[in-house]
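Trainee: Before we look at any details, could you take me through this structure and show me how each label is earned?

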Amino acid sequence: MIKKNLLISLVASSFLHASTLDLTPISVTATGNEEEIVKQPLSVSTKEKSEIELDQVIFQKDLLNSLSGVRIEQTTSVIGHMTSIRMPKNTGPYYLFMQDGLPVQSSGFFNHNGLAYTTFQTATGVEVLKGAGTALYGSDAVAAVVNVQSLNAPAKKKETLIRAMGGNHGYGSGFLSTSDSDEKSGYRANISYMHNDGWREHTTTDRYEANIRYDRELNEANDIKVMFNISSTDAQQADSFNDYSYIEDGSAKASDDPNYYLALEQTDVSRKFDYARLSLEWSNYTFNNLEITTTPYIRYNRNQYVATWESNLPSNDNKLVTFGLNNRNTYDAKWGKVVFGFDSEYTQSSLTYTQDFNVTTSGWGAKTYVAGPLYDYDVNYFAVAPYLSADYSLTKAFILHAGLRYDYNRFDYNNNLEDNSQDPSGTYYRIADRTDSFQHLSPKLALSYMMSKNDNLYIRYANGFRIPQASRLYSLKVGYEAVTLDPETTNTYEIGYKHQFNTQGFFDIALYYMTIDDTITRYEDSDGIRYYDNGGSTIHKGIETTLDYQLFSSLATHIAYSYSKHNYDNNPEYGDNEMAEAPNHLANVRLIYTPTQVHGLRIMPEWQYVGSYWMDDAHTYKYGGYSIGNLKTDYKYNKHLRLFGKITNITNKKYAVSARYAYGKTDYTPADPRGYYAGLEYKW
């Protein structure tokens with residue numbers, strides 16, 4: 001029965017490729033099984049392959065910023081990024097980044113650039129589940145779960161595809177894909193390379209991606225799917241501007257701070273991301289109405305960078321090797337459905353934080369730093385989490401959704417330097433070996449009222465949490481070695497409505513209220529030493545809506561809008577202030593024109609809007625936000641040849657993608673100027 005339902009979903013999904021927009025969306029992220037979004041009692045946005053092809057993805061923002069309530073901004077390391085989904089833009093572990101249903105990093109070792117680990121440039125789909133995750137997800141699934149899909153199922157007959165794309169500022173990329181299958185098995189594989197000189201000084205980027213998928217039917221009751229994903233990025237890193245006039249003038253300089261150029265002479269100011277994962281998914285259908293899925297995997301992460309926000313410019317090298325085992329069981333009954341199983345990971349991590357050269361800083365808080373290790377430690381991490389989720393049909397129209405998850409997380413820390421010691425500058429503190437563990441029980445509850453097969457009115461409650469990061473627990477500053485951290489807990493309350501316009505379109509709207517308690521907050525003392533501690537509560541609320549609609553046979557529209565407010569709750573320093581870097585309004589509007597006179601042509605003008613926001617929590621400065629236009633098009637000349645191109649920031653607007661006020665100065669990250677890109681694809 002489960003196989004039959006899956007086949008029906010896949011057949012229905014194939015019809016979507018005739019349209020650029022996903023007019024009858026299906027999601028797999030919430031339960032691990034394909035299901036129509038209109039039936040799901042939560043807010044989830046998706047994008048399919050056809051629309052992604054038109055977007056011609058270069059950066060993470062190209063893949064995600066058209067989705068309601070989603071804001072991705074690239075950092076000065078180009079492929080680096082920050083995320084804002086139901087939260088202010090931040091670097092905290094409030095998002096669970098996944099690829100093909102598996103996390104790309106372990107909880108407790110969160111990297112805010114985590115989407116760089118995915119093969120996002122060659123993605124075939126993406127889903128964003130907003131708010132605390134379902135029972136399938138634990139720590140970090142606080143504000144959203146982002147699932148990037150790498151490869152579709154193998155082709156029924158042999159096919160090969162080659163694609164090339166070029167643009168201004170030295171951009172070029174190449175892509176090669178091949179696929180084939182027989183009666184019992186099939187494969188799909190691709191590889192890509194991208195080089196970009198960058199429009200600013202010191203922003204050259206090189207990136208590789210590769211994916212391999214192998215499907216095999218062992219017998220009538222057993223299938224396997226083997227997945228291998230790898231990505232590698234080497235990105236030079238520019239600086240932000242303190243003076244906004246550099247933004248207005250469109251300056252291509254790497255910085256307006258002379259100390260940055262001195263830093264370039266001293267060390268390699270760049271960022272490197274390396275990622276690889278091998279997984280085997282085994283599905284068993286021996287028992288009636290029960291699908292048993294077991295997935296062992298091994299994953300490698302490495303993150304290297306120079307901490308340009310530290311005056312002494314230390315270098316960081318963090319390596320992680322993870323062994324994981326997930327089990328998910330889905331049982332279909334007459335009264336509903338049950339999903340149960342467990343997630344588990346064991347991670348070996350090493351971190352070195354090094355002063356590469358002797359330096360004496362100037363100004364307030366000046367110190368002398370001596371070349372040598374600042375931190376050098378290993379952490380062994382273990383996590384296990386059993387879960388249970390059930391959908392129960394109270395009546396034909398009312399469906400109760402309930403879930404429960406228990407998470408246990410343990411860190412075993414080993415210091416490789418002298419215990420309880422300081423570096424020569426008296427800044428960095430190396431605590432002695434210790435063990436920390438955290439546990440949490442997360443309930444989930446929702447009620448759907450299916451007024452018809454195309455209308456769902458729902459209410460939802462979901463509890464979530466996030467454990468402290470290893471770097472917050474063990475990379476301590478002198479004077480704060482006694483500080484201990486507790487997990488943050490979150491409660492999401494949501495009410496929403498979804499309507500499916502048969503095959504003509506889809507509409508959804510969600511109102512949410514989310515609280516976060518024991519917020520892990522960064523503080524700075526009178527000597528400029530930064531540290532972390534559990535603070536009070538924050539409140540996050542808003543509305544998100546999406547409309548995808550086929551207006552005419554040749555014209556479709558996508559409208560995504562969100563309004564949000566993010567406030568401290570009686571904070572001792574900021575009171576009830578609205579939080580920084582949190583625009584109230586986000587919008588994305590797209591028109592997709594497919595003229596009947598030119599078969600295979602698609603033209604899409606796009607408008608992107610980010611509203612004004614406070615640059616600091618004390619409300620010293622405010623930034624006006626921005627709106628830009630893009631134009632994207634492609635033309636399928638025949639079944640073999642496709643031509644495509646786009647113009648980004650079509651008016652060449654001068655603006656900042658990030659604006660903040662911190663440590664007594666303003667800080668602006670410049671946006672890309674107008675960009676021209678064109679390419680071709682040949683398939684045989």
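Mentor: Let us begin with an enclosed space in this predicted model: helix H3 (60–64), strand E4 (70–74) and strand E38 (626–636) are among the elements that each supply at least two residues of the lining of the largest cavity, and E38 gives the most, with 4 residues.

Trainee: What makes this space a cavity, and what is its volume?

Mentor: A cavity is a set of points where a 1.4 Å probe fits but cannot get out, and the largest one found in this way has a volume of about 640 Å³. Of the 42 residues that line the largest cavity, those closest to its centre include Phe-59, Lys-61 and Asp-672.

Trainee: How is the lining of the largest cavity divided by class?

Mentor: The lining of the largest cavity has 14 nonpolar, 17 polar and 11 charged residues, whereas the lining of the second largest cavity has 11 nonpolar, 6 polar and 6 charged.

Trainee: How do you know that strand E8 and strand E9 pair?

Mentor: Pairing requires at least two bridges, and 6 bridges join strand E8 (residues 125–130) to strand E9 (residues 144–149), so the two count as paired, and they run antiparallel. One of the partnerships sets Val-128 opposite Val-146 in E9.

Trainee: Why are strand E3 and strand E7 said to stand at the edges of their sheet?

Mentor: The open sheet has 5 strands in the order E3-E8-E9-E6-E7, with mixed pairing. Strand E3 (44–47) and strand E7 (102–103) each have a single partner strand, so one side of each is left without a neighbour in the sheet.

Terms used: Residues are numbered from 1 along each chain as its sequence is written. This is a predicted model: local features need pLDDT of at least 70, side-chain atom pairs count only at pLDDT 80 or more; totals for chains, interfaces and linings use all residues. Side-chain values use heavy atoms; hydrogens and water are left out. On a 1 Å grid over the protein atoms alone, a cavity is a set of points where a 1.4 Å probe fits but cannot get out, and a pocket is an open set with protein on both sides within 12 Å along at least five of seven lines; lining residues have an atom within 4 Å of a point. Grid points are joined across faces, edges and corners, and a volume is the space filled by probe spheres set on the points. Ala, Val, Leu, Ile, Met, Phe, Trp, Tyr, Cys and Pro count as nonpolar, Asp, Glu, Lys and Arg as charged, and the others, Gly among them, as polar.
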